[in-house]
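Notebook open, coffee poured. Here is what I looked up today, entry by entry.

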Amino acid sequence: MKNILIPALAAAALLASCSEWTEAENKDYLPQIRQDDPAYLAALRDFKADESGHKVVMMTIQGTSAMPNRQNQHPTAMPDSVDYLLMTDVDDLHPEIVAEIAEVRSTKGTHSLNIVDYAAIQSVWNALKEAAADTEYESDYTDEKFPAYCKAQTETQLSNCNRYGFDGVVISYTTTPGDEIADGQATFMACVRTWRQSNPDLLLFTRAAYIPNLLNPELLPDSKFIILVADASRKTASDLTLWARNHLRDTRDKLGEEKFSEFSDRFVMEASVPSLETGEQTGASVQVAAAWVADPAKDTKVDYDKVGLCVLDAANDYFNNLTNYKNIREAIGILNPENDNDNENDHQ
């Protein structure tokens, strides 16, 4: 059984009942497995990427201090098959959302993590700096002052994990060295290390556009999953193969074969659904990425494992005019072919 990682940054819930899923044509990558056995389902909750063929399902919703007025902003609206719920913008969460974090854990076995995003911190800083230009506050936003700001913001985002009872954090670093503010990443990663030392039993995921850019590769073996963010020019399965090969070969060459092998069994590819406003597809579609993940062929140039799919901006698919989550359902059909008689509503 293949699983899907669905972190949709600043997005919302996905997936409707499996009983309504659209079956995809290429559904024979893996043998079909019955999913109505409670013992089997329980085992999936605690699987390790290097010990099971199960591919994790994740989704991201946007946190809010106001009461959400759309179904897909509620953790409880997600399907039972989701393994991990990832949440952005979690400052001052509405109490009902906080309660639902505990509810989905107890009723669905779904663990929730908050996303700690360096790029978001830097983006806000740059906006503040621009607004302060040519004013009396301009000196408050020099590059030399960014590390202190970054430290405060990173520590706040990390503290939200314990504040709201999340099961862990997703560390997201997608900035390129050319765009880096001096000492910014070093400050960010130092805060993460300190948090990790105090919270060794909580979950840690890493999200990166180019792993060799990370200053602290020691976090990678400690990450349960590593989400790969391909650039928008990668649109086909062949594109993804070439990009992942070059990316991970660079990673292996920089860190060495032994270090690389410590985390080479946990890579997830991120893809997006078409824009709700324009219908435009950015990068590879989730169907293409799902087929790439499901392809059992091993890369002959670098040894690594593809363990899931991460869907970006999943909320755009929720409001699909034809069928809610149409594209995501098709991706799930490719990754997790269902027995005709199986029904998610019958699962324990």
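**Entry 1: two loop aspartates**

I started with Asp134, which counts as exposed, because its relative accessibility is 74% and the cut-off for exposed is over 50%. I am working from a predicted model, so I keep that in mind throughout. Asp134 is found in the loop between α3 and α4. Its backbone caught my eye: phi of Asp134 is near 65 degrees, a positive value in a residue other than glycine. Most residues other than glycine have a negative phi.

I then noted Asp89, also not a glycine, with a positive phi of about 50 degrees. Asp89 sits in the loop that runs between β2 (84–88) and α2 (95–108). I find Asp89 partly exposed, at a relative accessible area of 46%.

**Entry 2: the helices around the Asp134 loop**

Next I asked myself at what angle α3 and α4 cross. The axes of α3 (residues 118–132) and α4 (residues 146–163) come within 10 Å, and the crossing is at roughly 135 degrees. The two helices are therefore oblique to each other. I have the crossing of α3 and α4 down as right-handed.

For the contact itself, I listed Tyr118, Ile121, Gln122, Val124, Trp125 and Leu128 on the α3 side. They meet Phe146, Tyr149, Cys150, Gln153, Thr154 and Gln157 of α4. By class, I get 8 nonpolar residues, 4 polar and no charged in the contact of α3 with α4.

**Entry 3: cysteines**

How many disulfides does a search of the whole structure find? I get 0. Cys191 is in no disulfide, and the nearest cysteine sulfur to it belongs to Cys150, 6.5 Å away. That pair is not a disulfide because the sulfurs would have to be within 2.5 Å. Cys150 was already on my list as one of the α4 residues in the contact with α3. Cys191 is buried, with a relative accessible area of 7%. I also checked Cys310, which counts as buried at 0% relative accessibility.

**Entry 4: Tyr84 in β2**

Back to β2, the strand before the Asp89 loop. Is Tyr84, which lies in this strand, buried or exposed? Tyr84 is buried, with a relative accessible area of 3%. Leaving out residues up to four places away in sequence, I see Tyr84 touching, among others, Val56, Val57, Met58 and Met59. Its contacts also include Thr110, His111, Leu113, Leu203, Phe205, Lys224 and Phe225. I looked at Val56 in particular: Tyr84 and Val56 are 28 residues apart in sequence, yet their C-alpha atoms are 7.7 Å apart in space.

**Entry 5: helix α8**

My last stop was α8 (residues 286–294). Here 8 of the 9 residues are buried, so the helix is largely enclosed by the rest of the structure. The buried ones are Val286, Gln287, Ala289, Ala290, Ala291, Trp292, Val293 and Ala294. What do these buried residues pack against? I find α6 (237–255), β7 (267–272), β8 (306–312) and α10 (326–335).

I looked further at α6. The axes of α6 and α8 come within 9 Å and cross at roughly 60 degrees. These helices are therefore oblique to each other, and their crossing is right-handed. Ala237, Leu240, Thr241 and Ala244 of α6 meet Val288, Ala289 and Trp292 of α8. I sort the residues of this contact into 6 nonpolar, 1 polar and no charged.

Key
Residues numbered from 1 in each chain as written. Predicted model: local features only at pLDDT ≥ 70, side-chain atom pairs only at ≥ 80, totals over all residues. Heavy atoms only, no water. Axes fitted to C-alpha atoms, helices over the stretch in contact; angles between N-to-C directions. Helix = DSSP H or I, 4+ residues; strand = E, 2+ residues; numbered from the N terminus. Parallel < 35°, antiparallel > 145°, perpendicular 65-115°, else oblique. Left-handed = near helix turned anticlockwise from the far one by under 90°. Contact = heavy atoms within 4.5 Å. Nonpolar A, V, L, I, M, F, W, Y, C, P; charged D, E, K, R; others polar. Buried < 20%, exposed > 50% of the residue type's maximum accessible area, 1.4 Å probe, protein only.
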